[in-house]
Every structure is written in structure tokens, then in C-alpha cells.
Amino acid sequence: MVYNLLEYTMKLNEIVYKRHKIRVFWKKGKDYLALFDPNESTLYISPHLSKKMLGKILFHELWHIICYFKKKNINKLGEENTTLLSEEFAVILAANPKLKRLVYGCLK
Ligand SMILES: [Zn+2]
């Protein structure tokens, strides 16, 4: 199987979280790489990220989406700590292919 990141990114146009639907747009913003807008239920992601960066950004934005819908205020934690913590899932999974396969296998 040939892994084609571009194909995957173009296919992802919606994220479903429980009864919520977040529309995904592959568009670069002026001052962000990705942005979840809860008011519009949209997620903007730059289409020009490296694979590694995209992996981290996806966890980061999922973290924002989860906290928003679970009504957890992460302002105290701050954006810097949000970045530091949420993106580590990508780091751990990337360094542990067996763990990654196990997690994905459990979710099928
Ligand atoms: Zn953020």
C-alpha cells in the first residue's frame, strides 16, 4: 500500500465527535497553522505541513475540540502547555510502531 498523505488530507473534510460534526478545511490562515472555531464548528488546517507536523497538529486540534465539547476551560493551562502536552501523543506513537498498530487495532 502506498501511503499518500495528500490523498488522506483531501479526503478528510469532516470530524465527527459524538453528536457534533466539525467541518475541515485545508486552508492556511494568516497567523496559525491550524484553528478550531467552535462558533462555526470548523477546523482549518494548513495544507502545507510536513507529515510529522501534521500528526502533532491533529492531536493538538483534537485536544481543543474535546476540551470545548467537554466544557473544560483550558485557558489556565495556556496554549503553550496545550501544545506541549497534546502533541506528545504523536511523538509517542511515532516512536512506537507496535503501540500505534495496537491502538489502531483496538479502535477498528
Ligand atoms: Zn491551540
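Read from its beginning to its end, the chain of this predicted model follows the pattern α-β-β-β-β-α-α-α-α. That pattern comprises five helices and four strands. The radius of gyration of the chain is 14 Å, close to the 13 Å that the globule rule gives for 108 residues, so the chain is as compact as a globular protein of that length. Along its principal axes the C-alpha trace spans about 40 × 30 × 25 Å. Buried residues account for 11% of the 108 residues in the chain, and, among contacts between residues at least 6 apart in sequence, 32% join residues that are at least 24 apart.

The strands may be taken next. Four of them form an open sheet in the order S1-S2-S4-S3, and the pairing within this sheet is mixed. Its edges are occupied by S1 and by strand S3, which covers residues 34–37, and each of these two strands pairs on one side only. From one strand to the next, the twist averages 20°.

At one of these edges, strand S1 (residues 14–17) runs antiparallel to strand S2 (residues 20–26), and four bridges join the two. Within this pairing, Glu-14 has Arg-23 in S2 as its bridge partner, while Ile-15 stands opposite Ile-22 in S2. S1 and S2 form a hairpin with two residues between them, and Lys-18 belongs to the turn.

Lys-18, placed in the loop between S1 and S2, has a phi near 55°, which is a positive value in a residue other than glycine. Most residues other than glycine have a negative phi. Lys-18 is exposed, because 7 other C-beta atoms lie within 10 Å of its own and a residue with 12 or fewer such neighbours counts as exposed. Phi is likewise near 55°, and so positive in a residue other than glycine, at Ser-41, which is found in the loop between S3 and S4. Ser-41 has 16 C-beta neighbours inside 10 Å and therefore counts as partly exposed, since that class lies between the limit of 12 or fewer for exposed residues and that of 20 or more for buried ones.

Ser-41 also leads back to strand S2, in which His-20 has its place. Leaving aside neighbours within four places in sequence, His-20 is in contact with Ser-41 and Phe-69. His-20 nevertheless counts as exposed, because it has 12 C-beta neighbours inside 10 Å, and the exposed class takes in residues with 12 or fewer. The C-alpha atoms of His-20 and Ser-50, which are 30 residues apart along the chain, are separated by 28 Å.

From the sheet the description passes to the helices. Helix H2 lies across S1, S2, S3 and strand S4 (42–45), and runs at about 15° to S3. H2, which covers residues 51–69, also packs with helix H4 (residues 88–95), at an angle of about 135° and with the two axes 7 Å apart. H2 and H4 are therefore oblique to each other, given that an angle has to be over 145 degrees to count as roughly antiparallel and that the range for roughly perpendicular ends at 115.

Which residues of H2 and H4 meet? On the side of H2 they are Gly-55, Lys-56 and Phe-59, and on the side of H4 they are Phe-89, Ala-90 and Ala-94. Sorted by class, this contact of H2 with H4 has four nonpolar residues, one polar residue and one charged residue.

A last position to consider is Ser-86, which lies in helix H3 (residues 78–86). Is Ser-86 buried or exposed? Ser-86 is buried, because 22 other C-beta atoms lie within 10 Å of its own, and 20 or more are enough for a residue to be placed in that class. Not counting residues up to four places away in sequence, Ser-86 touches Phe-59, His-60 and Trp-63. Phe-59 is thus named twice, as it is also one of the H2 residues that meet H4. The C-alpha atoms of Ser-86 and Leu-62, although 24 residues apart along the chain, are separated by 8.5 Å.

Key:
Residues numbered from 1 in each chain as written. Predicted model: local features only at pLDDT ≥ 70, side-chain atom pairs only at ≥ 80, totals over all residues. Rg over C-alpha atoms; globule rule 2.2 N^0.38 Å. Contact = placed C-beta atoms within 7 Å. Pairing = 2+ DSSP bridges. Axes fitted to C-alpha atoms, helices over the stretch in contact; angles between N-to-C directions. Parallel < 35°, antiparallel > 145°, perpendicular 65-115°, else oblique. Nonpolar A, V, L, I, M, F, W, Y, C, P; charged D, E, K, R; others polar.
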